[in-house]
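Please open the model in a viewer and keep the selection panel at hand. The stops below begin at the ligand and then turn to the backbone.

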Amino acid sequence: MRVDILTLFPEVFESPLSSSIIKRARDNGLIEIALTDIRDFSTDNYRKVDDKPYGGGPGMVMMPGPVFDCFEHVQKLSPEKGRVFLLTPQGQKFDQAKARQLSAEKRLIFIDGKYEGFDERIRTGLGAEQISIGDYVLSGGEFAAMVIIDAVVRLLEGALGDEDSAKDDSFSEGLLEYPQYTRPEIYRGMKVPDILLSGDHAKIAEWRRQQSLERTKKWRPDLLNNNNKKASAK
Ligand code: 6GU
């Protein structure tokens, strides 16, 4: 997969995209991530990329020129057309199902805004989808882009050490994850549940499923009401 990020703050991405699972996925060639600075496409002496909104009002709006020019440059960096996303709180909400869907794409192009938003012609002219990571407002799309990329990369085959570990994640079947324990068997008087020490794999699987269901009911009942036909049918 190739991911392009068009941003005003490429430096913000450097450390997160060069650590841990994402670093390994890049080193192993599972994903290629390229950052392009929108400001390099400003035609202004002061590298201006935003301006006051027509009609008045507070804040600044991303101008179409630098974004279009940057996009056209980036698109030519690879033959794959790619799916184009504007990062904005007005977008469709990102979730695990979306992460799975995006992990099957060959190329993703993310455009990060700052200021009060994008000139509307950026969305319509580039045919971009809009995506958000939740119902709150961030001061820019950078962290949202990193959240999305992290969630997508860990689903790429070979990204995680143990192929099973993404399958059992919370949400992988619309349920929260079951409780996990490791050594020691007793810590400060708190004991690991006997069943996990029993060696009975069928019983353990059943217990875990039950725990997942109970926790989801207690902490995230909204997940059960929404979309969990798969889990409750089992
Ligand atoms: Cl993608 N951008 C901004 N600015 N705020 C957000 C967001 C994105 N997703 C949730 N809040």
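A polar contact is here a pair of N or O atoms within 3.5 Å. With that cut-off in mind, and noting that this is a predicted model, select the ligand and Ser 132: an N or O atom in the side chain of Ser 132 is 3.3 Å from a nitrogen atom of the ligand. Next, add Ile 133, where a backbone N or O atom lies 3.0 Å from a ligand nitrogen. Then add Leu 138, which places a polar backbone atom 3.0 Å from a nitrogen atom of the ligand. The protein buries 96% of the 290 Å² that the ligand exposes when taken alone.

Widen the selection to the residues around the ligand, among them Leu 87, Thr 88, Pro 89, Tyr 136 and Ala 144. This shell comprises seven nonpolar and four polar residues, with no charged ones. Colour β5 (83-93) and β8 (129-132), each of which supplies at least two shell residues; β5 gives the most, with three. Switch to a surface view of the protein: the space taken by the ligand is the second largest pocket.

Now move to the backbone. Select Arg 183 and Pro 184, which are joined by a cis peptide bond with omega of about 5°. Pro 184 is in the loop between α6 (142-153) and β9 (186-187).

Proceed to Arg 188, in the loop between β9 and β10 (190-191). Arg 188 is not a glycine, yet has a positive phi of about 50°; its relative accessible area of 72% makes it exposed.

Finally, select Ser 20 in helix α2 (residues 20-27). Ser 20, also not a glycine, has a positive phi of about 60°. Is Ser 20 buried or exposed? Ser 20 counts as exposed because its relative accessibility is 60%, and the cut-off for exposed is over 50%.

Conventions. Residues are numbered from 1 along each chain as its sequence is written. This is a predicted model: local features need pLDDT of at least 70, side-chain atom pairs count only at pLDDT 80 or more; totals for chains, interfaces and linings use all residues. Side-chain values use heavy atoms; hydrogens and water are left out. A residue is near a molecule or strand if one of its heavy atoms lies within 4 Å of it. A polar contact is a pair of N or O atoms within 3.5 Å; within protein, one must be able to donate a hydrogen and the other to accept it, and residues adjacent in sequence count only if both atoms are side-chain atoms. Accessible areas come from the Shrake-Rupley method with a 1.4 Å probe; for residues, only the protein chains shown count as cover. On a 1 Å grid over the protein atoms alone, a cavity is a set of points where a 1.4 Å probe fits but cannot get out, and a pocket is an open set with protein on both sides within 12 Å along at least five of seven lines; lining residues have an atom within 4 Å of a point. A molecule sits in a cavity or pocket if more than half of its atoms lie within 2 Å of its grid points. Helices (H or I, at least four residues) and strands (E, at least two) are DSSP runs, numbered from the N terminus. Ala, Val, Leu, Ile, Met, Phe, Trp, Tyr, Cys and Pro count as nonpolar, Asp, Glu, Lys and Arg as charged, and the others, Gly among them, as polar. Buried means under 20% relative accessible area, exposed over 50%, partly exposed in between (1.4 Å probe, protein chains only).
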